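Got the model open in your viewer? Let's take a walk through it together, one selection at a time.

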Amino acid sequence: MDERAVPDDFDDFWQSLAARAREVEVRPSRTPVDGGIELIEYTSLDGVRLGGWLTLPPGDIRSAVIVGHGYGGRAEPEPWWAPADAAVLYPVSRGLPTLSLVDGIPSDGAEHVLHGIRSRETYVHGGCAADVWCAITALEELLDARLGEQHGGLRLGYFGPSFGGGIGAMALPWDDRIDAASLHVPSFGAHARRLAVPNEGSSAAVGAWVREHPEAWDVLDYFDAATAATRIRVPTIVAAAREDPSVPPVGQFAVADAVPEQHRRVMVMTAGHREYPEEQAEMAAYAAATRELFAAVG
C-alpha cells in the first residue's frame, strides 16, 4: 500500500489533546508495599483512575523516569531502565492488566488496539498518550518537584517498549517536560507498511479491521508513531529489531528513521519479542545506554 498523507491538522489534534490532559486534576495517591515500592493511583483524561508503582532512590533524587510497558500490561517494576538516583514511576495504561483495568475497555491486546477506532476522539491510543502526560503530572505532585530540565526541574526520561514505545513516540512531541526518551521495538509506526506484513501481534487485528472498515484509515492517520516521531525534539534512542514476530520491523525502523537525525541514536537489535543467543548482551548494552541518557548531568 502507498504511504498515507499526514492529516493537515495532525499537530493541532495532538496539541489540543495534550492541553486537555495537562488540565486534568490527577489527584495521585500512594500506598507503601514491600521492598520500598509504593502502589500509586492517579486520574487521567476522561476521569479514568489508573494504577502503577513508584520507586525512590535511597539518597537524594537527582532525576526522574517514566517507564512504560508492552501490550501485556505490567506485573511489577523493572529497575533496568533508570539511573540509581532516579525516582521512577511505572504507570499502567488504561484498560491493561492489572492495575489499570477499566470497565468497557478490553484488556486483551488484539481487542484493546481496536477500542474506539471509529473516531479519532474515542480511539484508545489517544487516551493512552494522555495517560503518559497525566502520569508526569502525577509524578510532579508525588515528588513535590518540577520535572523537565528546561523548566529548572529534575531531568525526566521516558522509556517505552513495544506498545509503550509506540505510545511514547506519539506522546513525546507534545510535552516539553520530557528531556530524553528510549523506545524499544516501538509499535504503531508506518501503518500502511506494517499492516501489509504478516505478523502475530496487535497489528494483525488492526489489519483485519481496516480490510473490512477502510474508513478506519482516517483515524489511524492521526495515530502513526512514525509521523509523530518526526516532531520529536529531545535526544532519543530507538532500539529496532531486524526480526520480530509481533511488531513488524518495517514499522520499528520507520519510527527510528523518523526521529530527526540530530536527536536520534539507533541501536539495531537481532530480534524482538523472542529469545535469541545475543539477547542478554544486546539488552544489557541498550539498558546501559538508556540509563546514561536519562542520568542527570553535573
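Start with the contacts that tie the protein chain together: among those between residues at least 6 apart in sequence, 68% join residues at least 24 apart. Keep in mind as you look around that this is a predicted model.

**Stop 1: the whole chain.** Switch to cartoon view and select everything. You'll see 10 helices and nine strands in the protein chain. The radius of gyration is 18 Å, close to the 19 Å that the globule rule gives for 298 residues, so the chain is as compact as a globular protein of that length. Turn it around, and the C-alpha trace spans about 55 × 45 × 35 Å along its principal axes.

Now show the surface. The accessible surface of the protein chain comes to about 12,500 Å², and 49% of that belongs to carbon and sulfur atoms. How much of the chain is buried? Buried residues make up 58% of the 298 residues.

**Stop 2: helix H4.** Select residues 163-171, which form helix H4. Is this helix mostly covered or mostly open? It's mostly covered, with nine of its nine residues buried. Click along H4 and you'll meet Phe163, then Gly164, Gly165 and Gly166, followed by Ile167, Gly168, Ala169, Met170 and Ala171, all of them buried.

**Stop 3: the cavity.** Rolling a probe the size of a water molecule over the atoms shows where empty space is left. Here, the structure holds one cavity of 30 Å³ or more, and the largest cavity has a volume of about 80 Å³. To find it, select its lining: Tyr42, Gly68, His69, Pro91, Val92, Ser93, Asp131, Val132, Tyr158, Phe163 and Gly164.

Which helices each supply at least two residues of this lining? They are H3 (124-143) and H4, the helix from the last stop. Try colouring the lining by residue type: you should get six nonpolar, four polar and one charged.

**Stop 4: Ser203.** Finish by selecting residues 202-212, helix H6, and pick out Ser203 in it. Is Ser203 buried or exposed? Its relative accessibility is 2%, so it counts as buried. Show what surrounds it, too: leaving aside its neighbours within four places in sequence, Ser203 is in contact with Arg194, Leu195, Ser246 and Pro248. Put those four side chains on as sticks, and you can see the company Ser203 keeps.

Notes
Residues are numbered from 1 along each chain as its sequence is written. This is a predicted model: local features need pLDDT of at least 70, side-chain atom pairs count only at pLDDT 80 or more; totals for chains, interfaces and linings use all residues. Side-chain values use heavy atoms; hydrogens and water are left out. Helices (H or I, at least four residues) and strands (E, at least two) are DSSP runs, numbered from the N terminus. Buried means under 20% relative accessible area, exposed over 50%, partly exposed in between (1.4 Å probe, protein chains only). Contact means heavy atoms within 4.5 Å. On a 1 Å grid over the protein atoms alone, a cavity is a set of points where a 1.4 Å probe fits but cannot get out, and a pocket is an open set with protein on both sides within 12 Å along at least five of seven lines; lining residues have an atom within 4 Å of a point. Grid points are joined across faces, edges and corners, and a volume is the space filled by probe spheres set on the points. Ala, Val, Leu, Ile, Met, Phe, Trp, Tyr, Cys and Pro count as nonpolar, Asp, Glu, Lys and Arg as charged, and the others, Gly among them, as polar. The radius of gyration is taken over C-alpha atoms; the globule rule is 2.2 Å times the number of residues to the power 0.38. Accessible areas come from the Shrake-Rupley method with a 1.4 Å probe; for residues, only the protein chains shown count as cover.
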